[in-house]
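The exercises below ask you to trace how strands, helices and pockets are arranged in one protein chain. Try each task with the structure in view before you read the solution.

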Amino acid sequence: RARVYCEQRDATGAIPCSAWLKEWEAMIARVGAAPAEGMQIVVAGGCDYYPGSATSSPGFSFAVSDLRVAGEGDLLARIERLRRQLAAEGLLEHQKRLPRPLLPRTIGVITGEGGKARDDVRAALARRGWAGRLVWAFTPVQDRHAAPAIVRALGDLAAVADVEVVIVARGGGSLADLLCFCDETLCRTVALLGVPVIASVGHHTDRTLLDDV
């Protein structure tokens with residue numbers, strides 16, 4: 001009850017972090033909101049080593065003395081750099097060259113199992129009088145687990161012989177919530193997939209790298 005424990009992650013690894021509860025609460029008061037899964041933060045502090053005891057193993061963590069939420073500008077700049085890189089490699093054009101069926105009989109859908117996007121897809125197809133077959137692939141659509149799971153689902157659906165097009169769907173959210181749809185591996189996978197992929201992510205004003213690909 002005296003300590004707070006968390007973990008900082010990037011695409012290649014993770015480091016355990018800790019802070020005294022009173023100091024943590026003071027930091028959160030300055031920031032205005034507790035860090036959440038997927039949020040980009042900058043922390044200050046130093047190494048903290050626990051030598052262990054007769055009943056517990058030694059441990060290393062990063063002792064957090066201050067933190068701030070990275071501005072959306074930091075994220076947007078990183079996304080824009082990746083967008084330019086993908087464009088330079090021609091990966092924003094591959095999907096556009098794929099033949100698209102006028103009326104697909106079988107559609108693959110990647111979305112969260114309990115999310116509203118699932119019902120939205122059904123309702124949109126029903127309004128158009130479509131009566132084909134849906135093949136569902138349920139994955140996380142937020143946090144660090146989402147992009148790798150969506151990549152695997154894309155491969156699974158592309159391997160289904162009858163699937164003519166794949167929809168990736170998720171409702172709205174903050175920039176941090178939608179960050180997994182700007183994942184480089186995911187974007188490259190979609191660009192090189194032999195099946196047309198429709199990105200239906202976020203609100204009309206949201207634009208992820210997946211939309212561009």
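**Exercise 1. Describe how helix 4 is placed against the strands that it lies across.**

Solution. Keep in mind throughout that the model is a predicted one. Begin with the helix itself: helix 4 lies across strand 5, strand 6, strand 7 and strand 8. Then consider its direction, for helix 4 runs at about 170 degrees to strand 5.

**Exercise 2. Work out the order of the strands in the open sheet with parallel pairing, and explain which strands stand at its edges.**

Solution. As a first step, read the order of the four strands, which is 6-5-7-8. Next, look at the two ends of that order: strand 6 (133–138) and strand 8 have a single partner strand each, so one side of each is left without a neighbour in the sheet. Finally, consider the twist, since neighbouring strands of this sheet are turned by 20 degrees against each other on average, when direction is ignored.

**Exercise 3. Follow the pairing inside this sheet from strand to strand, and find the helix that belongs to a β-α-β unit with two of the strands.**

Solution. Start with strand 5 (residues 106–111), which is joined to strand 6 by six bridges, the two running parallel; here Thr-111 stands opposite Phe-138 of strand 6. Continue with strand 7 (residues 165–170) and strand 8 (residues 197–201), which are paired in the parallel sense over five bridges. In this second pair, Arg-170 has Val-201 of strand 8 as its bridge partner. To complete the step, add helix 5 (residues 184–192), which together with strand 7 and strand 8 makes a β-α-β unit that is right-handed.

**Exercise 4. Describe the open sheet with mixed pairing and the place of helix 1 against it.**

Solution. The four strands of this sheet follow the order 1-2-4-3, and its edge strands, strand 1 and strand 3, each pair on one side only. Neighbouring strands here are turned by 40 degrees against each other on average, direction again being ignored. Within the sheet, strand 2 and strand 4 run parallel and are joined by two bridges, and Cys-17 stands opposite Phe-62 in strand 4. Now add helix 1 (residues 21–31), which lies across strand 1, strand 2 and strand 4 and runs at about 25 degrees to strand 4.

**Exercise 5. Which residues are closest to the centre of the largest pocket, and which element gives the most to its lining?**

Solution. First take the volume, as the largest pocket holds about 1200 Å³ of space. The pocket is lined by 40 residues, and those closest to its centre are Arg-9, Asp-10, Ala-11, Gln-40 and Arg-144. Several elements give two or more residues to this lining, among them strand 1 (3–9), strand 3 (41–50) and helix 4 (146–158). Helix 2 gives the most, with five residues. Sorted by class, the lining has 22 nonpolar, seven polar and eleven charged residues.

**Exercise 6. Describe the second largest pocket in the same steps.**

Solution. The volume of this pocket is about 810 Å³. Among its 32 lining residues, Ala-124, Arg-128, Ile-167, Ile-198 and Ser-200 lie nearest the centre. The elements that give two or more residues to the lining are helix 3 (116–127), strand 7 and strand 8, and helix 3 gives the most, with seven residues. By class, this lining has 18 nonpolar, seven polar and seven charged residues.

Notes:
Residues are numbered from 1 along each chain as its sequence is written. This is a predicted model: local features need pLDDT of at least 70, side-chain atom pairs count only at pLDDT 80 or more; totals for chains, interfaces and linings use all residues. Side-chain values use heavy atoms; hydrogens and water are left out. Two strands pair if DSSP finds at least two bridges between them. A crossover is right-handed if, with the strands pointing away from the viewer, the path from the first strand over the helix to the second runs clockwise. On a 1 Å grid over the protein atoms alone, a cavity is a set of points where a 1.4 Å probe fits but cannot get out, and a pocket is an open set with protein on both sides within 12 Å along at least five of seven lines; lining residues have an atom within 4 Å of a point. Grid points are joined across faces, edges and corners, and a volume is the space filled by probe spheres set on the points. Ala, Val, Leu, Ile, Met, Phe, Trp, Tyr, Cys and Pro count as nonpolar, Asp, Glu, Lys and Arg as charged, and the others, Gly among them, as polar. Axes are lines fitted to C-alpha atoms, for helices over the stretch in contact, and angles run from 0 to 180 degrees between N-to-C directions. Contact means heavy atoms within 4.5 Å.
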